[in-house]
Amino acid sequence: MAIEILPEPTTRPDRIVGMRCRNCGNDEPLGLSYVCPACFGPLEVEYDYAVAGATLTRASIAARPPGIWRYTELLPVDAPPARGLAVGSTPLVDADRLAPVLGLDRLWIKDDTRNPSLSFKDRAVAVAAARAVGFGVEALACASTGNLAGATAAAAAALGLPAYVFIPADLEPAKVDHALAYGATVVPVEGTYDDVNRLCLEVADETGWGFVNINLRPFYAEGSKTLAYEIAEALGWRSPDVIVAPVASGAMFTRVARGFEELVELGLIARHPIRFVGGQAAGCAPVATAWAAGTDVIEPVRTPDTIVRSLAIGNPADGRYVVELVNATDGSVEAIPDDVTAAAIRDVARLEGIYPETAGGVTLAAAAAARRRGVIRPGDEVVALVTGNGLKTPDARTLGLGDGRARPGEPGLAPAIRPSLSAFERWLGGEA
């Protein structure tokens with residue numbers, strides 16, 4: 001686990017104005033607060049972009065070390081933290097072999113499987129953890145569908161804080177082991193993610209711990225904007241035609257859009273229309289269902305039925321905002337069956353050497369679905385966000401493969417043979 005020691009800050013804290021309610025516009029000071037006291041809407045961090053733009057230029061960014069803190073002026077911290085994991089600056093991969101399989105002409109994959117805990121959640125947690133240290137919290141905690149568990153545990157370990165990770169009891173074992181490896185206290189809860197989240201709301205109030213996706217949520221959500229910054233920088237300071245991303249709570253999806261808007265606000269990129277395409281598992285697709293019905297009213301899914309546990313949030317906090325975003329940009333939200341997700345995982349792994357977890361399979365399958373729908377058009381430049389590593393969901397890859405035994409010339413696991421050339425030749429000839 002690499003620890004990043006960063007240089008002294010050069011940015012000005014007065015670029016951070018405070019927090020503002022997304023619903024009613026009420027202003028609040030920075031703090032361990034996430035809902036508006038006036039209307040109970042979500043609080044978001046507000047910036048003075050004139051101040052931020054005074055020091056954030058293409059040249060200044062290029063001169064800084066890799067990682068999310070090269071964009072500090074657009075993040076809700078006073079300065080880059082003195083200690084933390086080396087997060088961000090993940091590759092943008094030209095997926096020219098996978099593109100035609102999905103029906104696309106130009107496809108880039110933002111490969112966030114390369115982050116320290118193998119998912120994009122490291123971005124969000126890094127920002128939340130930096131604020132948590134400033135607030136003096138005694139422990140870092142989260143409610144998680146899987147990737148956030150590992151990210152929170154890893155960040156806490158790097159900072160020397162206790163970590164408490166609350167998860168649905170049926171979470172994939174690999175994700176549980178991942179959080180345990182970093183020394184976290186993992187608390188399985190009988191029920192869905194939404195049951196876990198409701199419990200954590202109460203625990204946060206009682207303990208004062210820093211729950212990255214509850215009382216630190218305004219700061220946590222801002223970390224996802226760095227995906228937009230890195231994509232634009234990697235493309236030579238421009239935006240693509242289409243962004244395709246998974247939708248769980250919807251926070252990452254909407255913050256990526258905000259990230260591109262901020263780059264336009266600062267003059268770092270030219271304004272270019274981006275269509276946003278979201279992907280959900282068909283067995284837990286409240287946002288896709290609402291979008292297809294032409295409404296922004298999200299009907300919660302009480303009992304998710306999908307292998308895609310990382311997206312199995314039945315009552316997504318930002319679901320309505322996802323629908324508003326895709327409607328405003330002529331995008332879509334696609335519901336993907338599990339067998340299609342598994343096939344997409346296999347395709348990107350064998351064609352591009354990137355092994356995504358289930359959310360990545362959903363995203364790539366959503367790109368193909370949006371192309372069939374006509375949302376993605378001929379010649380479009382598409383960026384798909386692959387947000388987590390398939391080693392966390394190993395069983396998903398084999399869904400729909402039958403017995404899974406590889407025959408000669410087929411990818412897969414061949415049956416065990418005796419250690420002799422004749423045994424190999426019998427298998428090669430189709431006798432085994």
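**Entry 1: two loop residues with positive phi**

I began with Leu 118, which sits in the loop between β7 (106-111) and α4 (121-135). I kept in mind that this is a predicted model. Phi of Leu 118 is near 75°, a positive value in a residue other than glycine. Is Leu 118 buried or exposed? I found a relative accessible area of 25%, so Leu 118 counts as partly exposed; the partly exposed range lies between 20% and 50%.

Next I looked up Ser 89, in the loop between β5 (84-85) and β6 (92-94). Ser 89 is not a glycine either, and its phi is positive, near 55°. Its relative accessibility is 35%, so I wrote it down as partly exposed.

**Entry 2: Gly 67, a contact of Ser 89**

I then followed Ser 89 to a residue it touches. Leaving out residues up to four places away in sequence, Gly 67 touches Val 87, Gly 88 and Ser 89. Gly 67 belongs to the loop between α2 (58-62) and β5. With a relative accessible area of 4%, Gly 67 is buried, because the cut-off for buried is under 20%.

I also checked Gly 67 against Thr 226. The two are 159 residues apart along the chain, and their C-alpha atoms are separated by 9.1 Å.

**Entry 3: helix α4 against helix α5**

Back to α4, the helix after the loop of Leu 118. I recalled that two packed helices are described by the angle between their axes and the distance between the axes. For α4 and α5 I noted an angle of about 40° and axes 9 Å apart. They are therefore oblique to each other, as the roughly parallel label needs an angle under 35 degrees. Their crossing is right-handed. Which residues make the contact? From α4 I listed Lys 121, Asp 122, Val 125, Ala 129 and Val 133. From α5 I listed Asn 147, Leu 148, Ala 151, Thr 152, Ala 155 and Leu 159. Sorted by class, these are seven nonpolar, two polar and two charged residues.

**Entry 4: helix α5 against helix α6**

Helix α5 (residues 147-159) also packs with helix α6 (residues 173-181), their axes coming within 8 Å and crossing at roughly 10°. So α5 and α6 are roughly parallel to each other. On the α5 side I found Asn 147, Ala 149, Gly 150 and Ala 153, and on the α6 side Lys 175, His 178 and Ala 179. The contact has three nonpolar, three polar and one charged residues. Asn 147 appears here, and I had already met it in the contact with α4.

**Entry 5: Val 165, a contact of Ala 149**

Ala 149 led me on to strand β9 (residues 163-168), where Val 165 is found. How accessible is Val 165, buried or exposed? Its relative accessible area is 0%, so Val 165 is buried. Neighbours within four places in sequence aside, Val 165 is in contact with Cys 142, Ala 149, Ala 184, Thr 185, Val 186 and Val 187. I also looked at Gly 146: it is 19 residues from Val 165 in sequence and 9.6 Å away in space, C-alpha to C-alpha.

**Entry 6: the nonpolar cores**

A rule I know from class is that in soluble globular proteins, nonpolar side chains tend to be buried together. How many residues does the largest nonpolar core have here? It has 48, and those with the most contacts inside it are Leu 98, Leu 107, Ile 109, Phe 211, Val 244 and Leu 364. Helix α14 (residues 358-373) gives the most to this core, with nine residues. I picked Val 244 for a closer look: beyond four places in sequence, it touches Val 277, Thr 363, Ala 366, Ala 367, Ile 376, Val 382, Val 383, Ala 384 and Leu 385. Apart from this core lies another, of 45 residues, including Leu 43, Ala 163, Ala 184 and Leu 216. I recognised Ala 184 as one of the contacts of Val 165.

**Entry 7: helix α9 against helix α10**

My last pair was helix α9 (residues 225-234) and helix α10 (residues 251-265), whose axes come within 7 Å and cross at roughly 50°. They are therefore oblique to each other, and the crossing is right-handed. The contact includes Leu 227, Tyr 229 and Ile 231 of α9 and Met 252, Val 256 and Phe 260 of α10. By class, I noted nine nonpolar, one polar and four charged residues.

Conventions:
Residues are numbered from 1 along each chain as its sequence is written. This is a predicted model: local features need pLDDT of at least 70, side-chain atom pairs count only at pLDDT 80 or more; totals for chains, interfaces and linings use all residues. Side-chain values use heavy atoms; hydrogens and water are left out. Axes are lines fitted to C-alpha atoms, for helices over the stretch in contact, and angles run from 0 to 180 degrees between N-to-C directions. Helices (H or I, at least four residues) and strands (E, at least two) are DSSP runs, numbered from the N terminus. Angles under 35 degrees count as roughly parallel, over 145 as roughly antiparallel, 65 to 115 as roughly perpendicular and the rest as oblique. A crossing is left-handed if the near helix is turned anticlockwise from the far one by less than a right angle, and right-handed if clockwise. Contact means heavy atoms within 4.5 Å. Ala, Val, Leu, Ile, Met, Phe, Trp, Tyr, Cys and Pro count as nonpolar, Asp, Glu, Lys and Arg as charged, and the others, Gly among them, as polar. Buried means under 20% relative accessible area, exposed over 50%, partly exposed in between (1.4 Å probe, protein chains only). A nonpolar core is a set of buried Ala, Val, Leu, Ile, Met, Phe, Trp, Tyr and Cys residues joined through side-chain atoms within 4.5 Å.
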